[in-house]
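Please read the briefing below with the sequence and the structure side by side. Each group of points deals with one topic.

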Amino acid sequence: MLKPYVRLQYDPVRQAWALLSPEKVFWPDETSLDILRLCDGERAVHQILGTLASQYEARPEEIASDLESFLQEWSDRSLVTL
């Protein structure tokens, strides 16, 4: 789930999505954006994995380590809660 002080917002000038935190702005690529949109506090990690596997037509075990690495990296930046 996204931390309470972090939000996704569309920037019409840049025509891109931004992840806004109190001190920084991040410009996620499309894959990162797909993951971040699923970090809604409603889904568990295994549900996010299943959704992404279906969306990208991949087996969950093929993308599980990439998802875990992504979530850990963004958690280390204090942007998501695991």
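**Briefing: residues, core and helices**

Leu 71 lies in helix 3. The structure is a predicted model. The points below start with Leu 71, then turn to the core, the helices and a few single residues.

**Leu 71 in helix 3**

- Leu 71 has a relative accessible area of 5%, and because buried means under 20%, Leu 71 counts as buried.
- Apart from neighbours within four places in sequence, Leu 71 is in contact with Ile 35, Cys 39, Val 45, Val 80 and Leu 82.
- Along the chain, 39 residues separate Leu 71 from Ser 32, while their C-alpha atoms are 9.7 Å apart in space.

**The largest nonpolar core**

- In soluble globular proteins, nonpolar side chains tend to be buried together.
- The largest nonpolar core here has 20 residues.
- The members that touch the most other members are Leu 19, Ile 35, Leu 36, Leu 52, Leu 67 and Trp 74.
- At least two residues of this core come from each of helix 1 (30-38), helix 2 (45-55) and helix 3 (60-76).
- Helix 3 gives the largest share of this core, with six residues.
- Which residues does Leu 52 touch, not counting those up to four places away in sequence? They are Asp 34, Ile 35, Leu 38, Ile 63 and Leu 67.

**Helix 1 against helix 3**

- Two packed helices are described by the angle between their axes and the distance between the axes.
- The axes of helix 1 and helix 3 come within 11 Å of each other, and they cross at roughly 75°.
- An angle of 65 to 115 degrees counts as roughly perpendicular, so helix 1 and helix 3 are roughly perpendicular to each other.
- On the helix 1 side, the contact is made by Ser 32, Ile 35 and Leu 36.
- On the helix 3 side, Leu 67, Phe 70, Leu 71 and Trp 74 take part.
- Sorted by class, the residues in the contact of helix 1 with helix 3 are six nonpolar and one polar, with no charged residues.

**The buried side of helix 2**

- Helix 2 has the buried residues Ile 48, Leu 49, Leu 52 and Ala 53.
- These residues cover an arc of only 130° around the axis, and therefore they lie on the same side of helix 2.
- What do the buried residues of helix 2 pack against? They pack against helix 1 and helix 3.

**Two residues with positive phi**

- Most residues other than glycine have a negative phi, and most peptide bonds are trans.
- Gln 15 is not a glycine, yet it has a positive phi of about 50°.
- Gln 15 lies in the loop between strand 1 and strand 2.
- The relative accessibility of Gln 15 is 62%, and because exposed means over 50%, Gln 15 counts as exposed.
- Glu 57 also has a positive phi of about 50° and is not a glycine.
- Glu 57 comes just after helix 2, in the loop between helix 2 and helix 3.
- Is Glu 57 buried or exposed? Glu 57 counts as exposed, at 75% relative accessibility.

**Tyr 10 in strand 1**

- Tyr 10 has its place in strand 1 (residues 7-11).
- With 39% relative accessibility, Tyr 10 counts as partly exposed, because this class runs between under 20% for buried and over 50% for exposed.
- Leaving aside neighbours within four places in sequence, Tyr 10 is in contact with Gln 15, Ala 16 and Trp 17.
- Tyr 10 and Leu 49 are 39 residues apart in sequence, and their C-alpha atoms are 24 Å apart in space.

**Ser 21 in a loop**

- Ser 21 lies in the loop between strand 2 (16-20) and strand 3 (25-26).
- Ser 21 is buried, with a relative accessible area of 17%.
- Not counting residues up to four places away in sequence, Ser 21 touches Tyr 5, Val 6, Phe 26 and Leu 79.

**Asp 76 in helix 3**

- Asp 76 is found in helix 3.
- Asp 76 has a relative accessible area of 58% and is exposed.
- Asp 76 and Pro 22 are 54 residues apart along the chain, and 15 Å separates their C-alpha atoms.

How values were computed: Residues are numbered from 1 along each chain as its sequence is written. This is a predicted model: local features need pLDDT of at least 70, side-chain atom pairs count only at pLDDT 80 or more; totals for chains, interfaces and linings use all residues. Side-chain values use heavy atoms; hydrogens and water are left out. A nonpolar core is a set of buried Ala, Val, Leu, Ile, Met, Phe, Trp, Tyr and Cys residues joined through side-chain atoms within 4.5 Å. Buried means under 20% relative accessible area, exposed over 50%, partly exposed in between (1.4 Å probe, protein chains only). Helices (H or I, at least four residues) and strands (E, at least two) are DSSP runs, numbered from the N terminus. Contact means heavy atoms within 4.5 Å. Axes are lines fitted to C-alpha atoms, for helices over the stretch in contact, and angles run from 0 to 180 degrees between N-to-C directions. Angles under 35 degrees count as roughly parallel, over 145 as roughly antiparallel, 65 to 115 as roughly perpendicular and the rest as oblique. Ala, Val, Leu, Ile, Met, Phe, Trp, Tyr, Cys and Pro count as nonpolar, Asp, Glu, Lys and Arg as charged, and the others, Gly among them, as polar. The arc is that of the directions from the helix axis to the C-beta atoms.
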